[in-house]
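Open the model in a viewer and keep the selection panel at hand. The stops below go from strands to helices, then to the core and the ligand.

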Amino acid sequence: MVAGNWKMNQQLAVGKALVKAILAQEYPLKSHQEVVFAPPFIHLPEVADLIHQKENHFLSAQNCHQESSGAYTGEVSADMLKSTQVDYVILGHSERRQYFNEGPALLAQKVDTALAAGLKVIFCVGESLELRETGQHNDYVGKQVADSLFHLPNEAFAHLVLAYEPIWAIGTGKTASKEQAQAMHAHIRQVVATAKGAEVADTLPILYGGSVKPDNAIELFAQADVDGGLIGGASLKADDFVAIIKAMS
Ligand code: PGA
C-alpha cells in the first residue's frame, strides 16, 4: 500500500487537479496493491468520485471522533465517513497525539468506533528522537501498538494497517535508514505475533512513514517487513507520488 496523507493542505480545486494528474499516469498495480488518498474531510466526497472509478484505489480520512454521533460541534463521525464512501481512517498520527492530546485510551476508543462503522484503520505509531537516542524506541512503539489495539479480537486485525512513523523523520527530510525501518517493522510484527499469533502478524501490513521520497522508496519498500508507505509531503506532488507508487513494484 502507498497512502498519501495530505494533512491540512490543498484547496479543493488544487486537490482535485492533483488527483487527476496522478490518475492520468500509468502505474499498473498487482491485485494485492493499493493506492490510498487521504485528503481533508471536506474534500472526501469529490475525491471519492474521482478515485473510485479506478481499481485498487481507496479513500481515507485523517481522523474521526470516538463517539458515533451526538452533540460534538465541529466533529466528524466514522458513520458519516462511511456514508461518504470512505474506506479507511488514519488514527494515532503523531500530529494528532501531539497537538490534539490524543492518548492510547482515546485512540483505542476511536479504533473501536471506526471498525464498528465498517471502516478500515491505518494506525500510526512512532517514537521521538529522544526515545530513539536513549534506546527506548522498541519498548515505546511496542506499547503504543499494545495499548490501543490488543483489546481487539484477532479477526479485527484483517481490517487494520499499521504505519511506523518515527517522529524525527516526519516532514524533516530525515528518513529512517532501511535497516532502522526493517528492524522496527520486524519488532512490531514480533510484538503482534506474541499477543495475537503468527498468522495475524504475518498478514498485517506495516507501512513506513517519514520523509519517503522517490529516491528512497525503493530501498525502504524492498525490506522484508516493510509493506509500503504513508506519504506526507511527497503525496502533494503528482510525479513524486506516482514514482513512489511505482516503487511498490
Ligand atoms: P512526510 O509525512 O512524508 O511529510 O514526512 C509523513 C506523515 O506524517 O504521514
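Two strands count as paired if DSSP finds at least two bridges between them. Strand 7 and strand 8 (residues 229–231) meet that criterion, pairing in the parallel sense over two bridges. The model is a predicted one.

**Stop 1: strand 7**

Select residues 206–209, which form strand 7. I206 and Y208 point one way from the strand, while L207 and G209 point the other way. Are these four residues buried or exposed? All of them are buried. Now add strand 8 to the selection: L230 in strand 8 stands opposite G209. Show residues 214–221 as well, since strand 7, this helix (helix 10) and strand 8 make up a right-handed β-α-β unit.

**Stop 2: strand 6**

Move to residues 160–164, strand 6, which runs parallel to strand 7 and is joined to it by three bridges. Two pairs can be picked out here. L162 has I206 of strand 7 as its bridge partner, and A163 stands opposite L207.

Which way do the side chains of strand 6 point? L160, L162 and Y164 go one way, V161 and A163 the other. Buried here means under 20% relative accessible area. Five of the five residues of strand 6 are buried, so the strand is largely enclosed by the rest of the structure.

Next, select residues 120–125, strand 5, which pairs with strand 6 in the parallel sense over five bridges. V121 has L160 in strand 6 as its bridge partner.

**Stop 3: Q144**

Select Q144, in helix 7 (residues 137–149). The relative accessibility of Q144 is 8%, so this residue counts as buried. Beyond the neighbours within four places in sequence, Q144 is in contact with R97, F123, V125 and G126.

**Stop 4: helix 11**

Select residues 238–247 for helix 11 and colour A238, F241, V242, I244, I245 and A247, which are buried. What do the buried residues of helix 11 pack against? Show strand 1 (2–5), helix 1 (12–23), strand 2 (35–38), helix 10 and strand 8 to see these partners.

**Stop 5: the nonpolar cores**

The largest nonpolar core has 68 residues, of which F37, L149, I188 and F221 touch the most other members. Helix 11 supplies the largest share of this core, with six residues.

Centre the view on F221. Not counting residues up to four places away in sequence, F221 touches V2, V212, V226, G228, G229, I244, A247 and M248. A second, separate core holds twelve residues, including A3, V36, Y88 and L230. L230 is the residue seen at the first stop, opposite G209.

**Stop 6: the ligand**

Finally, select the ligand and the 13 residues around it. Which of these come nearest? They are K7, H93, E165, G171 and S211.

Three distances to oxygen atoms of the ligand can be checked in the viewer:

- H93: an N or O atom in the side chain is 2.7 Å from an oxygen atom of the ligand.
- G171: a backbone N or O atom lies 2.7 Å from an oxygen atom of the ligand.
- G232: a polar backbone atom is 2.9 Å from an oxygen atom of the ligand.

Note on methods
Residues numbered from 1 in each chain as written. Predicted model: local features only at pLDDT ≥ 70, side-chain atom pairs only at ≥ 80, totals over all residues. Heavy atoms only, no water. Buried < 20%, exposed > 50% of the residue type's maximum accessible area, 1.4 Å probe, protein only. Right-handed = clockwise from strand over helix to strand, strands pointing away. Core = buried A, V, L, I, M, F, W, Y, C linked by side-chain atoms within 4.5 Å. Contact = heavy atoms within 4.5 Å. Near = heavy atom within 4 Å. Polar contact = N/O pair within 3.5 Å; in protein donor to acceptor, adjacent residues only side chain to side chain.
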